[in-house]
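Colleague: I've got the model open and a few labels I'd like to understand. Can you walk me through them?

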Amino acid sequence: MADTVLYEVSDGLATITLNRPEAMNALNVEAKVALREAVRSAADDAAVRAVLLTAAGDRAFCVGQDLKEHIGLLVQDRETGSRQTMNTVREHYNPIVRALAEAAKPVVAVVNGVAAGAGFGFALAADYRIVADTASFNTSFAGVALTADSGISWTLPRVIGPGRAADLLLFPRSISAQDAYDLGIANRLVPAGELRAEAEKVARALAEGPTVAYAALKEAVAYGLTHSLEETLDKEDELQTRAGSSEDHAIAVQAFVNKEKPKYLGR
């Protein structure tokens with residue numbers, strides 16, 4: 001796997017690290033391919049019970065598309081009459097967001113600095129966002145005459161409401177970590193110096209938790225956002241039956257009776 005993205009699995013936790021700190025973790029083609037494959041690997045690996053999405057350096061989580069590379073590709077498209085450059089949404093961004101959002105395990109995004117454009121979108125595709133108090137967010141798209149991608153037109157209105165989402169999309173600007181927390185974008189706000197330790201603690205707790213139940217919770221929330229109450233009640237019935245049949249549920253009940261801390265197996 002290319003070193004623009006690092007991938008490591010330890011004790012059920014997959015850590016995916018965007019690794020272009022010199023470019024504020026901007027997404028060139030190499031990085032997008034590597035990230036797509038890393039996220040898919042984490043989602044598909046049954047040994048992985050939680051995912052930590054983080055970034056190298058202290059300036060940026062990810063500033064989105066690498067515009068320096070993008071300019072060259074646009075020129076190439078004009079010269080050849082092709083439109084290949086914008087295929088990146090279909091070929092890279094969409095698969096990355098789907099894998100993050102649909103993974104049958106919790107995904108934690110660790111936002112250490114600027115999260116802009118697709119970087120913002122990837123953070124929103126995670127289930128939980130731990131944000132440094134020095135970080136910031138920016139939709140960015142309209143600022144370079146583009147529309148939303150990386151799932152942000154779906155995730156952002158659901159997190160902060162359609163009116164506030166329209167404001168941030170139509171008038172892109174940096175919003176502080178505190179503002180992001182107040183809006184509900186950040187689930188947890190921590191001092192920058194404590195970010196990695198706090199993120200590791202949270203992610204490892206999730207990796208040791210009831211994975212089947214976590215997967216069902218993710219599916220239930222996503223389903224409920226786009227279905228009626230009646231349909232959602234039926235889905236809850238289906239998912240609760242699945243969770244109730246898991247080994248982890250039996251372990252949890254026995255541990256409760258014995259007044260012990262459960263040791264989950266993730267199945």
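Colleague: Where does Met24 sit?

Modeller: Bear in mind that this is a predicted model. Met24 is in the loop between strand 2 (13-18) and helix 1 (29-44).

Colleague: What makes the phi of Met24 stand out?

Modeller: Its sign. Most residues other than glycine have a negative phi. Met24 is not a glycine, yet its phi is near 55°, a positive value.

Colleague: Why is Met24 called partly exposed?

Modeller: Buried means under 20% and exposed means over 50%. Met24 has a relative accessible area of 24%, so it lands in between and counts as partly exposed.

Colleague: And how do you know whether Lys259 is buried or exposed?

Modeller: Same kind of check. The relative accessible area of Lys259 is 80%, and the cut-off for exposed is over 50%, so Lys259 is exposed. Lys259 lies in the segment after helix 11 (247-258), and its phi, near 55°, is positive too.

Colleague: Which residues make the nonpolar surface patch?

Modeller: Leu67, Met86, Val144 and Leu146 make it, with an area of about 320 Å².

Colleague: What makes Val144 eligible for that patch?

Modeller: A patch residue needs over 30% relative accessible area. Val144 has 44%, so it clears that bar. On the other scale 44% is between 20% and 50%, so Val144 is called partly exposed. You'll find Val144 in the loop between strand 8 (136-138) and helix 5 (152-160).

Colleague: Why is the other patch, with Glu230, Glu231, Asp234 and Asp237, called negative?

Modeller: Asp and Glu count as negative, so a patch formed by Glu230, Glu231, Asp234 and Asp237 gets that name. Asp237 belongs to helix 10 (residues 229-244).

Colleague: What makes strand 5 mostly covered?

Modeller: Five of the five residues in strand 5 (residues 107-111) are buried, and buried means each has under 20% relative accessible area. Val107, Ala109 and Val111 point one way, Val108 and Val110 the other way, and all are buried. That fits the general pattern: in a regular strand the side chains alternate between the two faces of the sheet.

Colleague: How do you know that strand 5 pairs with strand 3 and strand 7?

Modeller: Pairing takes at least two bridges. Three bridges join strand 3 (residues 50-55) to strand 5, so that pair qualifies, and the two run parallel. Strand 5 and strand 7 (residues 128-132) have four bridges, so they pair as well, again in the parallel sense. For landmarks, Leu52 stands opposite Val108, and Val131 in strand 7 is the bridge partner of Val111.

How values were computed
Residues numbered from 1 in each chain as written. Predicted model: local features only at pLDDT ≥ 70, side-chain atom pairs only at ≥ 80, totals over all residues. Heavy atoms only, no water. Patch = residues over 30% accessible without salt bridge, like charges linked within 9 Å, V, L, I, M, F, W, Y side chains within 5 Å. Areas by Shrake-Rupley, 256 points an atom, 1.4 Å probe, with all protein chains shown as cover. Salt bridge = Lys/Arg side-chain N within 4 Å of Asp/Glu carboxyl O. Charge placed at Lys NZ, Arg CZ, Asp CG, Glu CD. Buried < 20%, exposed > 50% of the residue type's maximum accessible area, 1.4 Å probe, protein only.
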